[in-house]
Amino acid sequence: VSKTGADGVQVVGSRSRAEAFALKIMDGNMVAQVAAAVEVMDQLGWLDEAQREALHPRRAADVRSVRGARVGGRRPVFKLQRG
């Protein structure tokens with residue numbers, strides 16, 4: 001279950017795992033929000049290999065100009081710390 005709220009807040013829960021997480025993207029960017037959520041789900045072990053592969057384009061990708069030139073990229077750079 002996932003619920004996106006205002007200003008870049010997202011809460012995702014797994015009933016079968018009895019776990020949930022919330023994240024906040026400071027500037028509200030939806031592309032960053034989805035990439036972060038996919039990375040968290042993977043780090044928590046919620047994704048199998050097929051899901052990881054299917055969601056990879058949402059997690060990391062080249063950023064291209066309107067002419068198709070690579071002008072940057074996005075990739076997750078955080079590691080979860082579970083308490």
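Begin by selecting Phe 78, which, once its neighbours within four places in sequence are set aside, is in contact with Ala 36, Glu 39, Val 40 and Gln 43. The coordinates on screen are those of a predicted model, and every stop on this tour should be read with that in mind. Phe 78 belongs to the segment after β5, and at 30% relative accessibility this residue counts as partly exposed, because that class lies between the 20% limit for buried and the 50% limit for exposed. For a sense of scale, add Glu 53 to the selection: Phe 78 and Glu 53 are separated by 25 residues in sequence and by 19 Å in space, taken C-alpha to C-alpha.

Next, select residues 30-43, which make up helix α1. This helix has 14 residues and reaches 20 Å from its first C-alpha to its last, close to the 20 Å expected at 1.5 Å a residue. Colour its buried residues, which are Gln 33, Ala 35, Ala 36, Ala 37, Val 38, Glu 39, Val 40, Met 41 and Asp 42; these pack against β1, β2, β3, α2 and β5, the last of which covers residues 70-74.

Keep α1 in view and bring up the sheet beneath the selection tool, strand by strand. Three strands, in the order β1-β2-β3, form an open sheet with antiparallel pairing. β1 (2-4) and β3 (19-24) stand at the edges, and since each has a single partner strand, one side of each is left without a neighbour in the sheet. Neighbouring strands of this sheet are turned by 10 degrees against each other on average, with direction ignored. To look at one pairing in detail, select β1 together with β2 (residues 9-14), which run antiparallel and are joined by 3 bridges; within this pair, Lys 3 stands opposite Val 11 of β2. Helix α1 lies across β1, β2 and β3, and runs at about 150 degrees to β3.

For the last stop, select α2, residues 49-59, alongside α1: the axes of these two helices come within 8 Å and cross at roughly 145 degrees, and the crossing is left-handed. Which residues make the contact between them? On the α1 side they are Val 34, Ala 35, Val 38, Glu 39 and Asp 42, while α2 contributes Arg 52, Leu 55, Arg 58 and Arg 59. Sorted by class, this contact has 4 nonpolar and 5 charged residues, with no polar ones. Glu 39 links the end of the tour to its start, being listed in the contact with α2 and also among the residues that Phe 78 touches.

Note on methods: Residues are numbered from 1 along each chain as its sequence is written. This is a predicted model: local features need pLDDT of at least 70, side-chain atom pairs count only at pLDDT 80 or more; totals for chains, interfaces and linings use all residues. Side-chain values use heavy atoms; hydrogens and water are left out. Two strands pair if DSSP finds at least two bridges between them. Helices (H or I, at least four residues) and strands (E, at least two) are DSSP runs, numbered from the N terminus. Axes are lines fitted to C-alpha atoms, for helices over the stretch in contact, and angles run from 0 to 180 degrees between N-to-C directions. Contact means heavy atoms within 4.5 Å. A crossing is left-handed if the near helix is turned anticlockwise from the far one by less than a right angle, and right-handed if clockwise. Ala, Val, Leu, Ile, Met, Phe, Trp, Tyr, Cys and Pro count as nonpolar, Asp, Glu, Lys and Arg as charged, and the others, Gly among them, as polar. The expected span of a helix is 1.5 Å times one less than its number of residues. Buried means under 20% relative accessible area, exposed over 50%, partly exposed in between (1.4 Å probe, protein chains only).
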